[in-house]
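User: I would like a close look at one part of this protein, the second largest pocket. Please walk me through what lines it and how the parts around it are arranged.

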Amino acid sequence: GVYRGTGPANRAAWLALILVAVTFAVYGQTIGFDFVGYDDKDYLTQNPRFLDGLTVEDVRWAFTSSDAANWHPLTWMSHMLDILLFGLDPSGHHAISLLIHGLNTLLLFGALRYMTRAVGRSAFVAALFAVHPLHAETVAWVSERKDVLSTFFAMTSMWAYAGYARRPSPGRYLASALLLALG
């Protein structure tokens, strides 16, 4: 058969592929969605700050702005990079949010597997995370990029902290704290 080997690494690789496939099967349709008229105009489509993509002045603005009632410079810069890459074609913006959500799913699976060594249970929890209805808005609404980005840093911080717990060092602790702060 296609599935050769029964080792945990091989099983984990197959489960990771399944997680990616499930995530894309559920949320792949969002790539065809348009922008939403609610916040997407403030964040992207009618925001004059984003017309040039990602400039030095815009990065400075991202770190000092509280536009749209939020201070989230990494989110602003993520949107600016999307504008640079895709312009105002919503499919690219949606694809990036979907990719980040898929990556978050894999990060959760990896972190749980690292912490527990329970491959199947870790995959099950990651699958629930991947397809949970609470993530529909996060993946389908471009302005919710802040959620997939903060989740990315939360997942990486959790994994870094697990590494610190196994082998404590100031560098590992600092890495975990920095990732958490970025989230």
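Analyst: Start with the space itself. The second largest pocket has a volume of about 180 Å³. Keep in mind that this is a predicted model.

Here is the wall. The residues lining this pocket are L54, L74, M77, S78, L81, D82, I96, I100, L103, R145, L149 and F152. By class, 9 of the lining residues are nonpolar, 1 is polar and 2 are charged. The charged class takes in Asp and Arg, and the lining includes D82 and R145.

Where does the wall come from? Three helices, α4, α5 and α8, each give at least two residues to the lining of the second largest pocket. The largest share is that of α4, with 5 residues. Helix α4 spans 73-86. Helix α5 covers residues 90-116. Helix α8 covers residues 145-166.

Now take two of those helices together. The axes of α4 and α8 cross at roughly 115° and come within 9 Å of each other. Their crossing is right-handed. On the α4 side, the contact uses L74, T75, S78, H79 and D82. On the α8 side, R145, K146, L149 and F153 meet them. This contact splits evenly by class: 3 nonpolar, 3 polar and 3 charged residues. Several names appear in both places. L74, S78, D82, R145 and L149 belong to the α4 and α8 contact, and these residues also line the second largest pocket.

Next, follow α5 to its partner. Helix α5 and helix α6 (residues 119-131) pack with their axes 8 Å apart, at an angle of about 155°. That angle is over 145°, so α5 runs roughly antiparallel to α6. The crossing of these two helices is right-handed. From α5, the contact draws on H101, N104, T105, L108, F109, L112, R113 and T116. From α6, the residues are V119, S122, A123, V125, A126, F129 and A130. In this contact of α5 with α6, 9 residues are nonpolar, 5 are polar and 1 is charged. The pocket, for its part, is lined by I96, I100 and L103, among others.

Then follow α8 to its own partner. Helix α9 (residues 170-182) crosses α8 at roughly 165°, and the two axes come within 8 Å. These two helices are therefore roughly antiparallel to each other. This crossing is left-handed. Helix α8 makes the contact through F153, T156, S157, A160, Y161, G163 and Y164. Helix α9 answers with R172, Y173, A175, S176, L179, L180 and L182. That contact holds 9 nonpolar, 4 polar and 1 charged residues. F153 has a part in this contact with α9, and F153 also meets α4.

It helps to set the largest pocket beside this one. The largest pocket holds about 230 Å³ of space. Its lining counts 13 residues, and H72, P73, L74, L182 and G183 lie nearest its centre. Helices α4, α8 and α9 each supply at least two residues of that lining. Here α8 gives the most, with 4 residues. The lining divides into 8 nonpolar, 4 polar and 1 charged residues. L74 is one to note: it is among the residues nearest the centre of the largest pocket, and L74 also lines the second largest pocket.

Last, the setting. The chain has 9 helices and 0 strands. Its C-alpha atoms fill a box of roughly 55 × 45 × 25 Å along the principal axes.

How values were computed. Residues numbered from 1 in each chain as written. Predicted model: local features only at pLDDT ≥ 70, side-chain atom pairs only at ≥ 80, totals over all residues. Heavy atoms only, no water. Axes fitted to C-alpha atoms, helices over the stretch in contact; angles between N-to-C directions. Parallel < 35°, antiparallel > 145°, perpendicular 65-115°, else oblique. Left-handed = near helix turned anticlockwise from the far one by under 90°. Contact = heavy atoms within 4.5 Å. 1 Å grid on protein atoms, 1.4 Å probe; cavity = no way out; pocket = protein on both sides within 12 Å on 5 of 7 lines; lining within 4 Å. Points joined across faces, edges and corners; volume = space filled by probe spheres on them.
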